[in-house]
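The following exercises concern a single protein chain. Each task is followed by a worked solution that proceeds step by step.

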Amino acid sequence: VFPSLAKAQVSVANEVYQQLGQPSIFLFCPTEYCSSLCTPSPSGSCYLLTIGQELLPGIGVIWTGPKVVSQELSATLLEEVEGVLQRRLVIWDNLYANDYDCRRVFLGPYTGRAPGLMPRLRGLLLNPNCELQANFIPIHTLGSWFRSELGSCAHSDCAGVETAAALDDSHDSRERNYSPQEALELALCDWVAEIHRQALEPGG
């Protein structure tokens, strides 16, 4: 029925999106969801070009970065893909993911994401460790990173500008410059306090 996989996916995604009344959040994950999966590159991919041209503009596209698990993300690394897909991206961040290797547990701080990245994005999803307790530091430090991004986002054309501006006024200027090491130390202090609190509970 369809001349290509991309045409088929776009047709189904667009129809479902319209049948649902074009909701404000509707996400599409392409088959080529990172640069390393694109043939021969994001800008040269016939698949991504079709997605960018024919997927309705209100649909968000999920992207993991240069690789499935990207050590670095920056505006420069995303520019090529944004141009092809003709929209801001929703980052599907696999920095902490360990569903592909149960021996791997990442307890470090949220890092490798360039300052000022948030205004370039439509959103960011964090794929966590499978082990619930191991995600205290990842989520805590992601929060610190996000607070540091609010200043740049508050003056840009991105979703949640009013909230970002209001929250930015309530935080110390030091929080606008994200430090992975400082974020880790804050997270560790809070995690130890949480562990002690749980230990004092009945049956803890």
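**Exercise 1. Locate Gln-22 and describe its backbone and exposure.**

Solution. Step 1: Gln-22 lies in the loop between H1 and S1; helices (H or I, at least four residues) and strands (E, at least two) are DSSP runs, numbered from the N terminus. The model is a predicted one, in which local features need pLDDT of at least 70 and side-chain atom pairs count only at pLDDT 80 or more, while totals for chains, interfaces and linings use all residues. Residues are numbered from 1 along each chain as its sequence is written, and side-chain values use heavy atoms, with hydrogens and water left out.

Step 2: The phi of Gln-22 is near 50°, a positive value in a residue other than glycine. Most residues other than glycine have a negative phi, and most peptide bonds are trans.

Step 3: Gln-22 has a relative accessible area of 45% and is therefore partly exposed. Buried means under 20% relative accessible area, exposed over 50%, and partly exposed in between (1.4 Å probe, protein chains only).

**Exercise 2. Find a further residue with positive phi, and a cis peptide bond.**

Solution. Step 1: Gln-86, a residue other than glycine, has a positive phi near 60°. The loop between H3 and S3 holds Gln-86.

Step 2: The cis bond joins Thr-39 and Pro-40, with omega about -5°. Pro-40 belongs to the loop between S1 and H2.

**Exercise 3. Set out the order of the elements and the extent of burial.**

Solution. Step 1: The protein chain contains six helices and four strands. Read from the N terminus, they run α-β-α-β-α-β-β-α-α-α.

Step 2: Of the 204 residues in the protein chain, 38% are buried.

Step 3: Among contacts (heavy atoms within 4.5 Å) with a separation of 6 or more, 74% are between residues 24 or more positions apart.

**Exercise 4. Describe the largest nonpolar core and the elements that supply it.**

Solution. Step 1: A nonpolar core is a set of buried Ala, Val, Leu, Ile, Met, Phe, Trp, Tyr and Cys residues joined through side-chain atoms within 4.5 Å. The largest has 29 residues, and those with the most contacts inside it are Phe-28, Leu-48, Ile-51, Leu-55, Trp-63, Leu-78 and Leu-85.

Step 2: At least two residues of this core come from each of H1 (5-19), H2 (46-54), S2 (60-63), H3 (75-85), S3 (89-93) and H4 (136-154).

Step 3: Within H2, the buried residues are Tyr-47, Leu-48, Thr-50, Ile-51 and Gly-52. They pack against H1, strand S1 (27-28), S2 and H3.

Step 4: Not counting residues up to four places away in sequence, Trp-63 touches residues including Cys-34, Leu-48, Leu-78, Val-81 and Ile-91.

**Exercise 5. Which arrangement do the rings of Phe-136 and Trp-191 adopt?**

Solution. Step 1: Rings of Phe, Tyr and Trp (its six-membered ring) pair if their centres lie within 6.5 Å; planes under 30 degrees apart count as stacked, over 60 as edge-to-face and the rest as tilted. By this rule there are six aromatic pairs.

Step 2: The ring centres of Phe-136 and Trp-191 are 5.8 Å apart and the planes stand at 5°, so this pair is stacked.

Step 3: The pair links distant parts of the chain, with Phe-136 in H4 and Trp-191 in H6 (residues 180-200), 55 residues apart.

Step 4: Phe-136 is partly exposed at 25% relative accessible area, whereas Trp-191 counts as buried at 17%.

Step 5: One aromatic cluster is formed by Tyr-96, Phe-106, Tyr-110 and Trp-145.
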